[in-house]
Every structure is written in structure tokens, then in C-alpha cells.
Amino acid sequence: AKRMGNEESPTYEDTIALQLDVHTALSRLSVDEREICEALSHGFSIREIATRLGRDWHTVNRRISRIRARFEEMGLDGWVKTA
């Protein structure tokens with residue numbers, strides 16, 4: 001069900017399976033990591049996220065790297081946007 005790189009449009013079943021995979025990946029993150037994911041989904045920069053969470057931007061950047069690694073481990077590479 002993890003066919004993000006596929007050229008074809010995903011089927012309903014593929015979409016549901018992918019949503020479940022993403023939900024599972026998110027549930028395995030810490031509270032801070034989930035907050036970072038949410039902020040990223042709203043388009044905030046690393047510096048903006050750091051300010052909002054009261055963290056150093058280096059800390060936020062390291063956590064994003066860990067989030068990316070967890071998503072990649074689960075085969076959800078298509079959900080990880082590389083900058």
C-alpha cells in the first residue's frame with residue numbers, strides 16, 4: 001500500500017492503507033515530534049517552529065531528521081519532503 005512514487009492514481013484501498021500507515025507512524029512519535037509534524041504540515045519554517053515550541057532551531061532540525069528516518073523505515077518515503 002506504500003506506493004507514493006507510483007505514477008498511477010492510488011485506489012481507495014491504497015489511500016486508506018496509506019492513511020493507516022501514516023497514523024501508525026505518527027502515533028510512534030513523541031509529543032514534541034507530533035507538534036513539529038503538525039507545524040510542518042501548516043508550512044511553518046524550522047525557526048518558526050523552534051520559536052513556537054520554545055526550542056533551539058538545532059533541536060527542531062535534529063527531531064525532523066529523526067521523524068524523517070522513522071517515516072523512511074516504515075516505507076513512507078513519499079511523505080518525507082526533502083529540502
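**Close-up views of a four-helix chain**

**View 1. The whole chain, a predicted model****.** Of the 83 residues in the protein chain, 27% are buried (under 20% relative accessible area, with a 1.4 Å probe and protein chains only). The secondary structure comes to 4 helices and 0 strands, helices being DSSP runs of H or I with at least four residues and strands runs of E with at least two, numbered from the N terminus. Because this model is predicted, local features need pLDDT of at least 70 and side-chain atom pairs count only at pLDDT 80 or more, while totals for chains, interfaces and linings use all residues. Residues are numbered from 1 along each chain as its sequence is written, and side-chain values use heavy atoms, leaving out hydrogens and water.

**View 2. The two sides of helix α2 (residues 31-41)****.** Look here for D32, E33, I36, C37 and A39, the buried residues of α2. Seen down the helix axis, they fall within an arc of 165 degrees, so they line one face; the arc is taken from the directions from the axis to the C-beta atoms. On the face turned away from that buried side sit V31 and S41, both exposed (over 50% relative accessible area). After α2 comes G43, with a positive phi near 85 degrees.

**View 3. Where α3 meets α4****.** I46, R47, I49 and A50 of α3 meet W57, V60, N61 and I64 of α4, contact meaning heavy atoms within 4.5 Å. The axes of α3 (residues 46-53) and α4 (residues 57-73) come within 8 Å and cross at roughly 110 degrees; the two helices are therefore roughly perpendicular (65 to 115 degrees).

Conventions. Axes are lines fitted to C-alpha atoms, for helices over the stretch in contact, and angles run from 0 to 180 degrees between N-to-C directions. Angles under 35 degrees count as roughly parallel, over 145 as roughly antiparallel, 65 to 115 as roughly perpendicular and the rest as oblique.
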